[in-house]
Amino acid sequence: MAIPVIDFSKLDGEERAKTLNQIANGCEEWGFFQLVNHGIPEELLERVKRVCSECYKLEREESFKSSKPVKLLNDLLENKSGEKLENLDWEDVFLLHDNNEWPSNIPGFKETMAEYRSELKKLAEKVMALMDENLGLPEGYIKAAFNGGEGLEKAFFGTKVSHYPPCPHPELVNGLRAHTDAGGVILLFQDDQVGGLQILKDGQWIDVQPLHNSIVINTGDQIEVLSNGKYKSVWHRILATPNGNRRSIASFYNPSLEATIAPAAQLVDKANQEVEEGYPKFVFGDYMSVYAEQKFLPKEPRFQAVRAV
């Protein structure tokens with residue numbers, strides 16, 4: 001079983017309806033799908049791979065060797081307890097967004113990643129517009145909801161640059177613990193050589209196959225709420241591996257912290273609008289406060305907790 005692979009270029013031709021259906025299926029049945037021919041220049045993607053790999057190799061690899069995950073794994077092996085390290089991830093990670101200082105001094109890193117983020121943000125907005133169309137929502141609905149109103153530009157667009165170095169004992173530690181994503185639309189440029197990403201589908205963990213220069217799309221908790229559960233955020237994880245240094249560049253288009261999120265009125269059955277079990281209406285910043293404490297726990301209690309805020 002493999003997650004759907006969708007040729008994004010076919011939206012512009014005779015196969016538009018078929019491609020829209022494929023995207024709807026990816027959102028409804030999987031929560032994950034891969035886009036090929038997505039319009040991001042190949043040359044840019046190759047530069048992104050190069051600068052991120054150089055950044056890790058020259059600026060971060062040495063410090064990872066003395067990081068908390070490495071120390072705790074070594075302690076575990078010395079104690080020979082046989083237990084697994086459950087509460088941390090075998091991951092080197094930093095965040096890029098418009099208002100933080102980018103940590104790398106690799107030549108071309110800042111220019112390349114700024115260009116990449118600009119392209120990815122445009123792709124995210126295209127994907128959200130297609131979700132609007134498939135859900136029968138007004139044009140621009142999801143984008144406006146995330147930005148706190150039509151014509152505003154307050155949504156948060158972040159990019160997480162991660163590496164999962166080779167682990168000598170992958171059976172004892174997680175690459176990244178299983179979770180659903182808090183935000184809106186996530187766009188992942190994953191390693192096309194080193195696997196490890198899995199999603200939970202019908203009770204079974206399924207590999208997200210590496211595919212050269214594809215962009216993996218997944219839906220976060222806020223899309224689940226806005227769609228009134230028609231689209232689901234999906235559990236996923238990254239396995240630690242003994243060979244290869246997995247590169248993972250995840251960009252996420254999230255609501256602004258002040259944005260109010262609720263199921264779209266068009267998708268709520270009027271007869272059941274007052275049913276307590278439905279998705280709550282909340283301010284995204286409140287949800288993030290709960291998520292920060294409960295990221296690796298089931299999402300349903302998060303919805304209940306934010307209902308009570």
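Thr112 touches Leu44, Arg47, Val48 and Val51, leaving aside residues up to four places away in sequence. I'd like to start there, everyone, and then work outwards. Please keep in mind that this is a predicted model.

So, where does Thr112 sit? It lies in helix 4, which covers residues 109-135. And is Thr112 buried or exposed? Its relative accessible area is 3%, so it counts as buried, the cut-off being under 20%.

Staying with that stretch of chain for a moment, there is a record to mention. UniProt, in an unreviewed entry, places a "coiled-coil region" at residues 106-133. That annotation may be inferred rather than shown by experiment. What does the model have over that span? It is 89% helix and 0% strand, and its end C-alpha atoms lie 41 Å apart.

Now to the partners of Thr112. Leu44, Arg47, Val48 and Val51 are the residues it touches, and helix 2 runs over residues 42-64. Which strands does helix 2 lie across? They are strand 4, strand 5, strand 7 (185-190) and strand 12 (246-254). Against strand 4, helix 2 runs at about 125 degrees.

That brings us to the sheet. It is open, has seven strands with mixed pairing, and its order is 1-2-10-7-12-5-4. Strand 1 (5-7) and strand 4 (92-96) each have a single partner strand, so they stand at the edges, with one side of each left without a neighbour in the sheet. On average, neighbouring strands here are turned by 25 degrees against each other, ignoring direction.

If you look at the strand 4 edge, you'll find its partner, strand 5, at residues 156-164. The two run antiparallel, and five bridges join them. To find your place on screen, look for Leu95, which stands opposite Lys160 in strand 5.

Let's move on to charges. How many salt bridges does the structure hold? There are 21, and I'll take you through a few.

One of them is in helix 2, which we have just visited. Glu61 pairs with Lys57, with 3.4 Å between the closest N and O atoms. The two residues are four apart in helix 2, so about one helical turn separates them. Glu61 is partly exposed at 24% relative accessible area, while Lys57 is exposed at 54%.

Another salt bridge joins the side chains of Glu28 and Lys230, at 3.9 Å from N to O. This pair links distant parts of the chain, 202 residues apart. Glu28 belongs to helix 1 (residues 16-30), whereas Lys230 is in the loop between helix 6 (221-226) and strand 11 (236-239). Both partners are partly exposed: Glu28 has a relative accessible area of 33%, and Lys230 comes in at 41%.

My last stop is a small group. Which residues are linked with Glu15 in a network of salt bridges? They are Lys10 and Lys18. Within that network, the side chains of Glu15 and Lys18 meet at 3.8 Å, N to O. Glu15 is partly exposed, with a relative accessible area of 32%, and Lys18 is partly exposed too, at 49%. The cut-off for exposed is over 50%, so Lys18 stays in the partly exposed class.

To wrap up, we began at buried Thr112 in helix 4, crossed to helix 2 and the strands it lies across, and finished with some of the 21 salt bridges. Thanks for listening, and I'm happy to take your questions!

How values were computed:
Residues numbered from 1 in each chain as written. Predicted model: local features only at pLDDT ≥ 70, side-chain atom pairs only at ≥ 80, totals over all residues. Heavy atoms only, no water. Pairing = 2+ DSSP bridges. Axes fitted to C-alpha atoms, helices over the stretch in contact; angles between N-to-C directions. Contact = heavy atoms within 4.5 Å. Buried < 20%, exposed > 50% of the residue type's maximum accessible area, 1.4 Å probe, protein only. Salt bridge = Lys/Arg side-chain N within 4 Å of Asp/Glu carboxyl O.
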